[in-house]
Amino acid sequence: MNWSGLESLLSGVNKYSTAFGRIWLSMVFVFRVLVFVVAAQRVWGDENKDFVCNTRQPGCTNVCYDHIFPISHIRLWALQLIFVTCPSLLVMAHVKFREDKDKKYVALHHGSHLYANPGKKRGGLWWTYLVSLFFKAGFDISFLYILYRIYHGYDLPKLSKCSLDPCPNTVDCFISRPTEKKIFMLFMVTSSALCIFMCICEMVYLIGKRIVKQLKARHENERMVFADQHELTNMAPPRSLYRKTDPTLAESQLRLNEREKTRGIGATTTL
């Protein structure tokens with residue numbers, strides 16, 4: 001499988017992703033795709049050839065191998081990587097749809113744009129991005145559950161018992177390098193769990209940011225409504241106009257004060 005083509009295709013999602021999304025994509029390609037291509041395929045390349053049972057009964061080894069390994073780990077992980085990375089293409093498809101729609105709008109309205117930034121996560125694109133996160137986390141959880149149910153846990157026993165037809169009796173079967181394969185299996189399971197955690201963190205971040213934005217907008221609207229309903233009245237006259245007259249002042253001083261007040265009022269009116 002040509003994983004480089006998938007990597008180049010999904011690398012364009014980075015510019016539409018949050019910081020959590022960029023970390024998730026880096027983890028997928030570094031800790032899962034790279035390990036899968038470079039090491040895991042070589043480790044599991046001899047699982048059928050070096051599977052041995054202590055019998056020479058024709059067909060017994062093949063039947064026991066099919067019973068112990070219903071599906072190859074390599075093929076299961078390949079399907080998991082394909083299913084997990086495909087939801088990111090929904091975001092790219094939505095952005096591409098917005099860009100085409102904006103081009104048609106510009107052609108009809110002589111340069112006026114429908115979207116200031118088609119890649120900004122608002123409106124329908126926000127929901128598409130959130131749904132893609134749910135799908136990515138859901139696929140990872142589903143494949144981890146399938147792996148657990150098929151192999152009865154995340155372990156590879158060194159010795160397996162098999163008594164299926166056409167085996168003459170209960171035979172002992174051995175797989176090659178069980179410890180090494182177990183280590184790689186646990187590594188892939190752990191990396192899948194970390195990717196699920198990053199998806200959950202990104203969902204919490206997006207939903208929390210949306211809630212905070214809605215609360216701020218609601219608070220701003222309430223403040224504007226309150227301001228409209230309680231318009232400020234004209235400012236009260238200066239307190240000096242209501243200052244009590246000192247009874248100890250002489251009559252000439254009282255007249256002088258009254259003249260100053262009259263001049264002050266006249267100057268205010270002129271201004």
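**A three-stranded sheet and its helices**

In strand β3, K161 has D172 as its bridge partner. This pairing belongs to a predicted model. A second pair in register with β3 places S160 opposite C173. Both pairs sit within the contact between β2, residues 159–162, and β3, residues 171–174. These two strands run in the antiparallel sense and are joined by four bridges. In general, the strands of a sheet are held together by backbone hydrogen bonds, in either a parallel or an antiparallel arrangement.

The two faces of β2 differ in cover. S160 and C162 form the covered face. L159 and K161 form the uncovered one. Such a pattern fits a general rule: side chains of a regular strand alternate between the two faces of the sheet. K161, the bridge partner of D172, thus belongs to the uncovered face of β2. S160, which stands opposite C173, belongs to the covered face.

The sheet as a whole has three strands. It is open, its order is β1-β3-β2, and the pairing is antiparallel. β1 (52–53) and β2 are the edge strands, each with a single partner, so one side of each has no neighbour in the sheet. Helix α3, residues 60–68, packs on this sheet and touches β1, β2 and β3. The direction of α3 makes about 65° with that of β3.

The wider chain is described next. It holds eight helices and three strands. Along the sequence, these elements follow the pattern α-α-β-α-α-α-α-β-β-α-α. The chain has 271 residues, and buried residues make up 32% of them. Contacts often span long stretches of sequence. Of those between residues at least 6 apart, 74% join residues at least 24 apart.

Two helix pairs were examined. The first joins α2, residues 19–43, to α7, residues 178–229. Their axes lie 10 Å apart, and the packing angle is about 165°. The two helices are therefore roughly antiparallel to each other, given that angles over 145 degrees count as such. The crossing of α2 and α7 is left-handed. Residues of this contact comprise 20 nonpolar, three polar and four charged.

The second pair is α4, residues 73–85, with α6. The axes of α4 and α6 come within 9 Å and cross at roughly 165°. That angle makes α4 roughly antiparallel to α6. Here the crossing is right-handed. From α4, the contact draws on H73, L76, W77, L79, Q80, F83 and V84. From α6, it draws on K136, F139, D140, F143, I146, L147 and Y151. By class, ten of the contact residues are nonpolar, two are polar and two are charged.

V84 also features in a further pair. F135 and V84 are 51 residues apart in sequence, yet their C-alpha atoms are 7.5 Å apart in space. F135 lies in helix α6. Its relative accessible area is 43%, so F135 is partly exposed.

Backbone geometry was considered last. Most peptide bonds are trans, and most residues other than glycine have a negative phi. Three sites depart from this pattern. One is the bond between D165 and P166, a cis peptide with an omega of about 10°. P166 is found in the loop between β2 and β3, the two strands paired over four bridges.

The other two sites concern phi. H152 is not a glycine, but its phi is positive, about 55°. This residue lies in the loop between α6 (124–151) and β2. H152 counts as exposed because its relative accessibility is 72%, where the cut-off is over 50%. R177 also has a positive phi, about 50°, and is not a glycine either. R177 is placed in the loop between β3 and α7. With a relative accessible area of 37%, R177 is partly exposed.

How values were computed
Residues numbered from 1 in each chain as written. Predicted model: local features only at pLDDT ≥ 70, side-chain atom pairs only at ≥ 80, totals over all residues. Heavy atoms only, no water. Buried < 20%, exposed > 50% of the residue type's maximum accessible area, 1.4 Å probe, protein only. Pairing = 2+ DSSP bridges. Axes fitted to C-alpha atoms, helices over the stretch in contact; angles between N-to-C directions. Parallel < 35°, antiparallel > 145°, perpendicular 65-115°, else oblique. Left-handed = near helix turned anticlockwise from the far one by under 90°. Nonpolar A, V, L, I, M, F, W, Y, C, P; charged D, E, K, R; others polar. Contact = heavy atoms within 4.5 Å.
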